[in-house]
Structures are given as C-alpha cells and as structure tokens.
Amino acid sequence: MAAPAAARAPPPRCRLPPLLLLLLLLLLLAAARAAAPGGDCGCSASRGGGDGREAAAWRYSAALGGGRSAGRRPMVAIPGGVFTMGTDEPEIQPDGEWPARRVHINSFYMDQYEVSNEEFERFVNATGYVTEAEKFGDSFVFEGMLSEEVKADIHQAVAAAPWWLPVKGANWKHPEGPDSSVSNRLFPWGNKLQPKGQHYANIWQGVFPTNNTAEDGYKGTAPVTAFPPNGYGLYNIVGNAWEWTSDWWAVHHSTDEVHNPKGPSSGTDRVKKGGSYMCHKSYCYRYRCAARSQNTPDSSASNLGFRCAADTLPELP
C-alpha cells in the first residue's frame, strides 16, 4: 500500500477483466513461497487461515456510510462489454496466461486507486481489524529496504528467493520493522516504467535483485496516485503493488466464449494481478495485461495490496 501523490497525463487504454470483484480484505497476510518458473518474486507461502475478514469489511462499509465518506476515494464505472482475456503468445506458460478467449462482462465499479495506508488505517480504527502480519509478529521485507543493522539480526530467508527476509514487527504500519513508519517519509516507495521517455508504471529498474537504480527517486511502492491513469481513469493497474483478486488460481482455461466468469469454485491460492515494483523483465515479467500469478490467502509481503470493486455503486446514507 502507499500514500497519495500527484497524477500525470493518461497512457494508452488497457482493458482488464473484473477479477477484483468485491475484494474487501484479502491483504497483508503472511509468508513467502518458492519461486515458480519465470520467477514469482518469492512472495507467496502459507501460514494459518482466515477469520471474519468479510464481516469486518461490511462493518467498515456501514461505518463509512456506503464507502465514500470520511475521505473514501471514488469508484469508477467500468462499462460492460466484450474483451479478450489471456494471450496466444504467453511469456510465462506455467502461469496459465493462455489461450486468448472472448469474455463478456456486465458493467461494474472499481476503486480509482489502490487502497492506501491512510485508508487502511481508517478501516482498522473502525473495525479493530488485525492483519496476519500483526498476529504472527513478522512479515517479509525486501532486503534492499533494510539497514545492515536489521539484517544482522535475521538468520533465515526464503531459499528460492533470498532477497525476502522475515522481519519481526514488520506490518502495514511499520513496513521495514518496528523502527520504521509510513509517516513523514521523504519519498514513498516505488519505481516506474518509461514508455516514450515518460514513466508510466512502477517496476524494477536496474539489475534484479542486486541493483535498483530508482531512476524516479523512489525505492519501493509508489503513491497510489502516481503515474498516469489508464483510459478508464484507474491508477497503477500494472506495477507498484500486486493486487489480490477473488478468483481461485487455475492454469487451464477453455477457449469458449463466456459471460461474467468467476473462476473455480474452490482452491488453495488466489489470483493476483498487475505485478509490482519488484517485477523486472529478466525475472518476473508480470506487469503485462495478460500476466498473472498466485499466493495463498494468508500471505504477506511488502509488495502486496488490493483495491475494491462492486457490481453496484455503494449507496450513501
């Protein structure tokens, strides 16, 4: 998650599926798993189960009078229609990026921005919600964000992705551990993509994972308003932070034309979309529209986030 900043001019339109429907809390949960072929940035493993997140989300919605008061950012109307999901030229075949298929969807609403730390704090204050990272007492943090002093006290890592280190006391309020804060920072986190000489998305720049050149002045997640929006006015649809979806993970898809698909009825991993500031073409080329990855729902890492979506616009009281 990230703090707000200023926007820039719009990039080309990129149509995306409504995989984020009614995502009101699958965030900041717990650990890291081994990297899949093509590299998954090492931010997905399992640790415990869920408990009452949906009820807490509804309490928050009621407290905010339908979700748009108390500074709640607007939702954007996405018109119904037909789009092509997937690709017939997959870059990472094991992720189930293919085949290309025609999908019909009804109109729906989606948050204009990823949920920021400020918004999440309001949610926590309204509901008393406790994240998995806070329950377990740690979360995974990219080593490049940590001081040598902090790293000296850590004696384990993810074997397939050693740049992920478990940091005691790391959570949404303290992203690099108990001595860090989301307040009063000189720069928010982030990197950005540079088409036609302008940065449009926040991804890794330099040599992953050893050298982040931070050409845009950031070194982790960017503000939720950073970089130009797409044709729908949605910010950071690719790059910055992975976004949870409600779909269960599967890699085999039919070419049949479908209407409002909701994915498998059950599974062990949830789909995440968009890539993050840690994605680089040489390792995790998943900031493309067709790209996708997965995590167990109890996973937490410093490059995971979400935004909300709904079939109808929440009503104010």
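**Getting to know a predicted model**

Mentor: In this predicted model, Asp138 counts as buried, since its relative accessibility is 9%. Let's use Asp138 as our way in.

Trainee: Which side chain meets that of Asp138 in a salt bridge?

Mentor: Side chains of opposite charge can pair when their charged atoms come close. A salt bridge needs the nitrogen within 4 Å of the carboxyl oxygen. For Asp138 the N to O distance is 3.6 Å, and the partner is Lys168.

Trainee: And how many residues apart are Asp138 and Lys168?

Mentor: This pair links distant parts of the chain. Asp138 sits in strand β5 (residues 138-142) and Lys168 in strand β6, and they're apart by 30 residues.

Trainee: Is Lys168 buried or exposed?

Mentor: The cut-off for exposed is over 50% relative accessible area. Lys168 comes out at 61%, so it counts as exposed.

Trainee: How many salt bridges does a search of the whole structure find?

Mentor: One of them joins Glu148 to Lys151, with the closest N and O atoms 3.1 Å apart. Those two residues both lie in helix α4, three residues apart, or about one turn of the helix. Over the whole structure, the search total is eight.

Trainee: Which residue forms a salt bridge with Asp95?

Mentor: The N to O distance here is 2.5 Å, and the partner of Asp95 is an arginine, Arg286. Asp95 is in the loop between β2 (81-85) and β3 (101-105), while the arginine is in the loop between β11 and β12, 191 residues apart. Asp95 is buried at 2% relative accessible area, and at 0% so is Arg286.

Trainee: Glu114 is buried yet has no salt bridge, so how far away is the nearest side chain of opposite charge?

Mentor: Glu114 is found in the loop between β4 (108-111) and α2 (117-127). Its side chain does make a polar contact, at 2.7 Å, with the side chain of Asn240. A salt bridge has to fall within 4 Å. The nearest side chain of opposite charge to Glu114 belongs to Arg307, at a distance of 4.5 Å.

Trainee: What kind of aromatic pair do Trp163 and Phe208 form?

Mentor: A pair of aromatic rings is described by the distance of the centres and the angle of the planes. The whole structure has 11 aromatic pairs. For Trp163 and Phe208 the centres are 5.0 Å apart and the planes meet at 75 degrees, which makes the pair edge-to-face.

Trainee: Where in the chain are Trp163 and Phe208?

Mentor: These are distant parts of the chain, 45 residues apart. Trp163 is in the loop between α4 (148-152) and β6 (164-168), and Phe208 is in the loop between β7 (206-207) and β8 (211-212).

Trainee: The rings of Trp163 and Tyr283 also pair, so what is the angle between their planes?

Mentor: Their centres lie 5.5 Å apart, and the pair is edge-to-face because the planes are at 90 degrees.

Trainee: Which residues do ring pairs link into a cluster?

Mentor: Trp163 is one of them, and at 9% relative accessibility Trp163 counts as buried. The full cluster is Phe142, Trp163, Trp204, Phe208 and Tyr283.

Trainee: How many disulfides does a search of the whole structure find?

Mentor: A disulfide is a covalent bond between the sulfur atoms of two cysteines. Cys279 is in none: its nearest cysteine sulfur, that of Cys284, is 3.1 Å away, and the cut-off is within 2.5 Å. For the whole structure, the count is zero.

Terms used:
Residues numbered from 1 in each chain as written. Predicted model: local features only at pLDDT ≥ 70, side-chain atom pairs only at ≥ 80, totals over all residues. Heavy atoms only, no water. Helix = DSSP H or I, 4+ residues; strand = E, 2+ residues; numbered from the N terminus. Buried < 20%, exposed > 50% of the residue type's maximum accessible area, 1.4 Å probe, protein only. Lys, Arg positive; Asp, Glu negative; His and termini not counted. Polar contact = N/O pair within 3.5 Å; in protein donor to acceptor, adjacent residues only side chain to side chain. Phe/Tyr/Trp six-rings, centres within 6.5 Å; stacked < 30°, edge-to-face > 60°.
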